[in-house]
Amino acid sequence: MEPTFHTIIEPFRIHSVEPLRLTTRAQRVSAIEEAGFNLFNLHSNDVLIDLLTDSGTGAMSRDQWAAIQHGDESYAGSPSWFRFEAAVKDLFPFAHVIPTHQGRAAEKILFSVLGGPGKSIPNNTHFDTTRANVEASGATALDMVIAEGRDASAPHPFKGNIDLEALENFLAEHSDEVPVVMLTITNNSGGGQPVSLANIRGASEICHRYAIPLFLDACRFAENAWFIHEREEGQGHREVADIVREIASLADGMTMSAKKDPFGNIGGWLALNDDALAEACRNVLILTEGFPTYGGLAGRDLEALAQGLSEAVSPDYLRYRIGSTAYLGDALDAAGVPVVKPIGGHAVYLDARALLPQVPPLEYPGLSLAVALYVMGGVRTCEIGSVMFGRQSDGTEVPAAMELVRLAIPRRTYTQSHIDYVIEVVTAVARDAASLRGYAMVYEPPALRHFTARCEPLEGTGARA
Ligand code: F0G
């Protein structure tokens with residue numbers, strides 16, 4: 001019998017290290033003031049544990065660095081391209097693969113071809129760049145996640161599921177307006193929650209009945225497949241890669257940010273079956289990204305991604321990855337910190353609305369909490385609430401469905417002791433959460449305002465409380 005132990009061990013050891021810079025509280029207070037209380041404006045040297053995003057921040061493996069040495073930088077037809085294309089098609093056997101420099105470039109290309117005024121594009125929940133690219137084309141972005149997916153504490157194993165009834169009802173009346181239906185796996189903006197295979201099958205059946213293509217926003221496909229493997233009846237015996245292939249077979253295409261599960265520091269792609277659509281997309285690619293055999297990437301990037309894709313579906317890695325995220329979330333939950341449950345794949349989401357009831361949504365409780373976490377322990381997180389989603393396309397401001405603070409875990413980057421430190425910092429801030437104050441936004445750009453907005457604390461200094 002295989003002995004079992006409870007310690008989560010990283011299924012890798014450290015090969016090359018990067019120093020972290022320790023700062024004082026006074027340094028952090030002055031850094032965040034200078035940043036206009038926007039964590040995106042910080043210098044990352046002033047951050048100790050950077051949980052702003054899991055995007056492009058993962059550690060590459062020895063084998064990825066080795067693959068980089070094979071990078072062939074030929075403008076056209078490089079062997080690195082063919083290795084990349086084969087690795088993508090091994091998991092996602094779509095007829096056409098179009099390489100882009102990151103996920104939003106794939107979105108921009110797809111929606112500039114398929115979107116436009118009068119069109120509507122349903123999704124379980126559009127990620128911010130997806131929504132912005134849909135809206136930039138003049139189309140309307142519709143979120144149709146199941147009701148449990150909007151409730152931070154509803155227990156449901158697949159809270160990322162799209163509401164099939166709502167989708168069916170919408171298509172029954174408006175199918176002529178819908179050029180594509182998207183499904184985001186895992187559902188990042190809804191708490192990193194997975195979508196079940198049954199739900200993907202259901203969405204595929206409905207879309208195809210209305211002759212509408214189904215596309216995956218598949219950044220975290222491996223984590224989603226792991227949840228299916230662990231949680232969905234009848235899936236536990238399957239290999240993760242097989243589950244991924246079935247998911248791909250149910251869709252007509254995908255947009256991808258390779259900065260997530262495939263362990264890229266940069267990269268993405270658009271893949272699809274339809275020849276005419278692929279041609280139209282490639283024409284945009286050539287205008288905006290590059291020649292179709294490298295898109296927005298260097299040959300060395302293509303090599304790193306081809307190798308990373310094979311590592312992304314390793315069960316030892318995924319068990320550790322999802323286990324480590326759950327360890328963080330469960331510890332915070334046990335300490336009484338309100339978190340989105342069940343714990344998602346790439347991140348733990350704090351429920352700022354529950355933790356800071358004294359701060360109204362349009363005074364940004366998520367931002368207030370995120371600033372406090374930075375000031376307390378140099379931990380950088382990301383608000384996913386009314387700062388990110390409150391501004392409507394007509395210019396009005398409406399509270400977001402949830403006020404979350406995301407602790408996104410970069411892949412293979414931090415150790416379990418870093419995670420223990422984060423637990424201490426969050427718990428300390430939560431203990432004193434009643435003293436935190438709201439913020440006013442004093443500058444915002446017309447779109448994607450969370451990246452560059454500047455804020456000021458209301459009623460004194462919440463950040464220093
Ligand atoms: N779709 C989802 C679900 C994402 O999470 C992201 C990026 C994108 C698309 C866009 O990809 O950044 O390569 O252009 N999410 C990052 C995050 C930025 O922090 O969650 P990109």
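Me: What's the distance from a ligand oxygen atom to the side chain of Thr53?
Reply: In this predicted model, an N or O atom in the Thr53 side chain is 2.6 Å from an oxygen atom of the ligand.

Me: And how far is the Arg104 side chain from a ligand oxygen?
Reply: For Arg104, an N or O atom of the side chain is 2.6 Å from an oxygen atom of the ligand. Arg220 has a side-chain contact as well, with an N or O atom 2.9 Å from a ligand oxygen.

Me: OK, how much of the ligand's accessible area does the protein cover?
Reply: The protein covers 94% of it, taking the 470 Å² that the ligand has on its own as the reference.

Me: Where does the ligand sit as far as cavities go?
Reply: The ligand takes up the space of the largest cavity.

Me: How many residues surround it, and which are the closest?
Reply: There are 17 around the ligand, and the closest are Thr53, Arg104, Ser257, Lys260 and Arg406.

Me: Which helix gives the most to that shell?
Reply: That's helix α4, residues 103–114, which contributes three residues.

Me: What comes just before α4? Where is His101, say?
Reply: His101 is in the loop between β2 (96–100) and α4. With a relative accessibility of 27%, His101 counts as partly exposed, because that value falls between the 20% and 50% cut-offs.

Me: What is the C-alpha separation between His101 and Gly295?
Reply: Their C-alpha atoms are 6.8 Å apart, although the two residues are 194 apart along the chain.

Me: Back to Arg406 for a sec. Which strand is it on, and which way does it point?
Reply: Arg406 is on β12, pointing the same way as Leu404 and Ala408, while Val405 and Leu407 point the other way. All of these are buried.

Me: Why is β12 described as largely enclosed?
Reply: Five of the five residues in β12 (404–408) are buried, so the strand is largely enclosed by the rest of the structure.

Me: Which strands does it pair with?
Reply: One is β9 (residues 347–351), antiparallel to β12 over five bridges. Another is β11 (residues 382–384), also antiparallel, over three bridges.

Me: What are the bridge partners of Val348 and Cys382 in β12?
Reply: Val348 has Leu407 as its partner in β12. Cys382 is bridged to Arg406, and Arg406 is also among the residues closest to the ligand.

Me: Switching to backbone oddities. Which peptide bond around Thr186 is cis?
Reply: The one from Ile185 to Thr186, with omega near -15°. Thr186 lies in the loop between β5 (181–184) and α7 (197–209).

Me: And what about the bond between Lys341 and Pro342, cis or trans?
Reply: Cis, with omega about -5°. Pro342 is in the loop that runs between α12 (315–334) and β9.

Me: What's the phi of Phe37?
Reply: About 55°, a positive value even though Phe37 is not a glycine. The residue belongs to the loop between α1 (25–34) and β1 (49–50).

Me: Is Phe37 buried or exposed?
Reply: Phe37 counts as buried, because its relative accessibility is 7% and the cut-off is under 20%.

Me: And Tyr364, what's its phi and where is it?
Reply: Phi of Tyr364 is near 60°, again positive in a residue other than glycine. Tyr364 is found in the loop between α13 (352–355) and α14 (365–377), and at 3% relative accessibility it counts as buried.

Note on methods
Residues are numbered from 1 along each chain as its sequence is written. This is a predicted model: local features need pLDDT of at least 70, side-chain atom pairs count only at pLDDT 80 or more; totals for chains, interfaces and linings use all residues. Side-chain values use heavy atoms; hydrogens and water are left out. Buried means under 20% relative accessible area, exposed over 50%, partly exposed in between (1.4 Å probe, protein chains only). Helices (H or I, at least four residues) and strands (E, at least two) are DSSP runs, numbered from the N terminus. Two strands pair if DSSP finds at least two bridges between them. A residue is near a molecule or strand if one of its heavy atoms lies within 4 Å of it. A polar contact is a pair of N or O atoms within 3.5 Å; within protein, one must be able to donate a hydrogen and the other to accept it, and residues adjacent in sequence count only if both atoms are side-chain atoms. Accessible areas come from the Shrake-Rupley method with a 1.4 Å probe; for residues, only the protein chains shown count as cover. On a 1 Å grid over the protein atoms alone, a cavity is a set of points where a 1.4 Å probe fits but cannot get out, and a pocket is an open set with protein on both sides within 12 Å along at least five of seven lines; lining residues have an atom within 4 Å of a point. A molecule sits in a cavity or pocket if more than half of its atoms lie within 2 Å of its grid points.
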